[in-house]
Each structure stands twice: as structure tokens, then as C-alpha cells.
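This report describes the covalent and polar links within one protein chain, together with the surroundings of a selected tyrosine.

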Amino acid sequence: MNPISTPVAERLCRLSLALACLTLAGVATARQAGEPRSWSLPDRRMSAPVVIELEPLDPAALLAEDAQVAALGKGGAALRFAVARPTAVTLHDGGAWTALADGGMIWQTRLRVPGATDLNFVLSATVLPRGATVHFFSSSERYYQGPYTARDLNPEGRLWSPVVPGAEAVVELYLPPDSDPAQLAVPTVNGGYRDLFARKGGPVLKQGTCNIDVVCPQGDPYRDPIRSVAAYSLGGNILCTGTLMMDALASFRPWFLTAAHCGIDNEADADSIVVYWNFESPTCGALSGGSLDQNQAGAAFRAQRDDVDMSLVELDSAPDPAFNVHYSGWDRSGSAPGASVHIHHPGGDEKAISFNDDPLTSTESCIVRGNPPADTHWLIDDYEAGTTEPGSSGSGVWTPAPQSRLVGFLSGGTASCSLTTGFDCYGKFSVAWEGSSAATRLRDWLGGGLVQPPQTVDGSDPPMATFSDGFESP
């Protein structure tokens, strides 16, 4: 079935971008759009929940384990940043209720993972009635994420939260007066150990010093593709990089392209995605100081092909217009660029840009063991400026400005700041275009259902409003 099969009038309406045809997306994006209800109480009187202390982390030991994996080179394993700690918290066990003067109610649970630098949460079996909201906030500083409502839950009532700083945090549910009953469980807390917020005595330099902040002058010709790149977490415990992609109809459906080895294997995996936009250094050369506040959760699985290391998902909502994102263009011709540009999140840290001045050459996958098929990947022998690291996996490779079209996505390699002559291999966009079915190729999704999709598509900024979702899937 045509993945973009709609009545002709509706399609023309979308493509015309007429204001009368534009609507805001029906699914909300994650946000800092209103403080937790408890913070506005006049006397801040709350029934204090008992702190639930979970199994501690040993960051040094976890980082040592990760270093052993990294020593094998990028690829085959995504960058871990947190480990799961199971809980049995529900609205009936593990929290405390506070009755408000107006008849509303607040429930809170306070969870601690000793040794953690940041926390994120999984909610399950959740039912939020009209007017109910959920917030996540740090116990150590005034930092929160929310509000979340019923629109943010997946069909099974699950929600993955963004990270909040510190080893202890609060999950808060607010119910308005005369509310219908709610349900909520917190089966998992993920304890981070890579200090994503750089709170250990100030900024912490984690990525290699040879990386180039995208805010630096070298990034000026690439401001558009830079805005299409984001870091994302999967399952609350691993980090990779992905790219927001344009399709042939300029529908502005939020296609998000990354590497298969990052672990998006099915719908449940895609549901657990949290995307962090504009996580960038504010000053050139700092390699730190970025914000994780602009984020959104949830996606739908669309396609995966292992030999070329491709995964495509569709985000549950278009990114908030305030995030100022760009939908990247692409080139499926298979022609080898004479040079290339690479935009990524090394070490899961602030966004960086790298440059290769040599022609790309065809190669087999550098992460598939055994006898991988030939010519599925682009080879980068070395970078003339910058590099890639674990966490960069899934990031794009673009043709040079002014076209700046994506031609591949990072599988792995040996390149790093300590090995400037190391190599990388990128899955070819042109190879991933085809496959045995819609679930294994890009054509059905990015081709717009056209019989003869174009060889190249230019990137573009979205219109002022986001199209409503009226598309069918193959």
C-alpha cells in the first residue's frame, strides 16, 4: 500500500501550505512548560514521601566496562550512559498523597540511586484523566520536566522521561478537583553515570579535545543540516545520534534516521526514544555547556536493514516550532562525493562537526562479522578536522556546501582524537533506499509514494504550523 495514500484534495492542501489547511500536531512534545503544581502552593506544605533508595551505582566500574567496549572501536554497541534499577512504586505503594484546599490532589514519590549523576524514569500502566499532569524534578536543584498529560502516553500507558540532574528526583502527579481516578506505576529508574549535566564541580570535558563545536565558524556553511541533527536516548540507558529527514513530497512528517546497531528493532524500542534537540556548546571551543531542555519522547518503528545498518522511525510529533529544526535533504544517487561533512554527538555530548577532504570510497560494513556484502558503506580513511566517537553512531555524512545532502549514516570505525588516522564506515543512503519490503527500505517512506522519486531532495525548514497526521502506512 502507498505509505502516503490520501485523497487528492487533502494532498494538495498539504502541499500548498495554505494556512486554512494547517493544524497543530495532536501529540504534545516534551517540555519545561509549567512548573510542578506543588511548587506553587503558598506554604509548600506537602505530605513528604519516604525516599526510596535503590541499588547504588559504581560509576568508575561502569566507565571501565565501557572503555573496554570502546577499545574495540565504534560500532556494534551503542554508548551506554545509565543502568536500570527496578522499582515497585504505584499510586498505592511507595508515594504520598496531599489534599489541596480546592479539592485537587497531589501524589509524589521520591527515588534515589546513590552514585548516579542523573536519573530518568519509565512510567507504565498509566491512566491520566482530563486535567491530570505528571512532572519529574530534581531534589538537588530547581530543574523539572513537564507537564505530561494523557496525550504523551503510548497506547499501553507507558512514558519514558527525559533526564533530570542528581541522584534523587521526584515524580509528581497532579489531579484537579472532581477528577476521575488515575493509574500510574514507576517500574524502572535509570541511573546515569556520565554526568550529562556536568554538575561535578562545574563543566566536565568528556568528548575528545579535537572535536569542533558546531557553533564555531567552521559550521557556518552548514547551519541548516546542523539543525537537523539530534542526540537521542533509547530505553533510558543508551545514546546515539540521528537526523530529521525530508521526504520527496515535503510533507514534513518527522522521519528520523539513525543506525540499526543502536538497537531500534521494533515498536517497543521506538516508543522508548527521547530526542534532545540543540544540545550544543554556546561558545566555540568549550565542548560543554549545552542544554538538554529541548526534547521530545516517543516514535513509531518504520524500517530497518542490518547489512547497511539503517533504522528509520517516525517521531510521535513534529518538533516544537521553538526548537527551530531543519529537515535534511538527501542524495540517493550513489555517486561518491569528493569530500564530506559529518555532524554528530561524540560521547553523547554537545554537537560537533567534522570534515573529510578526500573522496568517499565504497567498502563493506566495518561492524558486521563474517562475510558482509560488498559496497554497502562509504569509507572515511581519516578526518582532516574533528573526529567521531561512541555516541556518534547513526549520525549523518553530507556532501559539502552548498548542496549539503545526506548520503550515509555512521556505523562505526576506529577514528578518535587519539587516533587521527583512524577510519569510519557509513551505511549508504542509496543502498538503504531499496530492500525486500517497506519494513527494510527507505523508499516507501521518504519517496512519498512517487513512482519515480527524485534522485536528490533539498532540505527545508518546516512551515509555521505542523500538518495533522492523516497518512496511511504500508
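C240 and C262 are both buried. In this predicted model, the two cysteines are joined by a disulfide with an S to S distance of 2.1 Å. The link of C240 and C262 is left-handed, with -95° about the S-S bond. C240 belongs to strand β14 (residues 238-245), while C262 is placed in the loop between β15 (255-258) and α4 (267-271), so this disulfide ties together parts that are 22 residues apart in sequence.

## Disulfides

The chain has 4 disulfides in total, three of which are described here, including the pair above and those of C210 with C417 and C366 with C425. A disulfide is a covalent bond between the sulfur atoms of two cysteines.

The sulfur atoms of C210 and C417 are 2.0 Å apart. C210 lies in the loop between β12 and α3 and C417 in the loop between β26 (406-413) and β27 (424-428), so the bond ties together parts that are 207 residues apart in sequence. The torsion about this S-S bond, that of C210 and C417, is about -85°, and the disulfide is therefore left-handed. C210 counts as partly exposed because its relative accessibility is 27%; C417, at 22%, is also classed as partly exposed.

In the disulfide of C366 and C425 the sulfur atoms are 2.1 Å apart. A torsion of about -80° about the S-S bond makes the link of C366 and C425 left-handed. This pair links distant parts of the chain, with C366 in the loop between β23 (361-363) and β24 (377-380) and C425 in strand β27, 59 residues apart. C366 is partly exposed, with a relative accessible area of 31%, whereas C425 is buried at 1% relative accessibility.

## Salt bridges

The salt bridges number 21. The table gives a selection of them.

| Pair | Closest N to O distance |
|---|---|
| D461 and R227 | 2.9 Å |
| K351 and E280 | 3.0 Å |
| R302 and E314 | 3.0 Å |

The salt bridge between D461 and R227 connects the segment after β28 (456-457), where D461 lies, with helix α3, which holds R227, so parts 234 residues apart in sequence are tied together. D461 is partly exposed because its relative accessibility is 37%. R227, in contrast, counts as buried at 13%.

The side chains of K351 and E280 also meet in a salt bridge. K351 is located in the loop between β21 (340-344) and β22 (352-356), and E280 in the loop between β16 (274-277) and β17 (295-297), so the pair ties together parts that are 71 residues apart in sequence. K351 is buried, with a relative accessible area of 0%.

R302 and E314 form a salt bridge between two strands: R302 lies in β18 (residues 299-305) and E314 in β19 (residues 310-315), so parts 12 residues apart in sequence are tied together. R302 is buried with a relative accessible area of 17%, and E314 is buried with 5%. Elsewhere, E53, R110, R112 and E168 are joined into one network by salt bridges that share partners.

## The surroundings of Y222

Y222 is located in the loop between β12 (183-192) and α3 (223-227). Why does Y222 count as buried? Its relative accessibility is 8%, and the cut-off for a buried residue is under 20% relative accessible area.

Leaving aside residues up to four places away in sequence, Y222 touches V341, I353, F355, T399, P400, A401 and S404. For A401 there is also a polar approach, since the side chain of Y222 reaches the backbone nitrogen of A401 at 3.0 Å. V341 is 119 residues from Y222 along the chain, yet the C-alpha atoms of Y222 and V341 are separated by 8.8 Å.

## The chain as a whole

The chain contains 6 helices and 28 strands. Of its 474 residues, 57% are buried. Among contacts between residues at least 6 apart in sequence, 75% join residues at least 24 apart. The accessible surface of the chain is about 18,300 Å², and carbon and sulfur atoms account for 53% of that surface.

Definitions and conventions. Residues are numbered from 1 along each chain as its sequence is written. This is a predicted model: local features need pLDDT of at least 70, side-chain atom pairs count only at pLDDT 80 or more; totals for chains, interfaces and linings use all residues. Side-chain values use heavy atoms; hydrogens and water are left out. Helices (H or I, at least four residues) and strands (E, at least two) are DSSP runs, numbered from the N terminus. Buried means under 20% relative accessible area, exposed over 50%, partly exposed in between (1.4 Å probe, protein chains only). Contact means heavy atoms within 4.5 Å. A polar contact is a pair of N or O atoms within 3.5 Å; within protein, one must be able to donate a hydrogen and the other to accept it, and residues adjacent in sequence count only if both atoms are side-chain atoms. A salt bridge is a side-chain nitrogen of Lys or Arg within 4 Å of a carboxyl oxygen of Asp or Glu. Accessible areas come from the Shrake-Rupley method with a 1.4 Å probe; for residues, only the protein chains shown count as cover. A disulfide is a pair of cysteine sulfur atoms within 2.5 Å.
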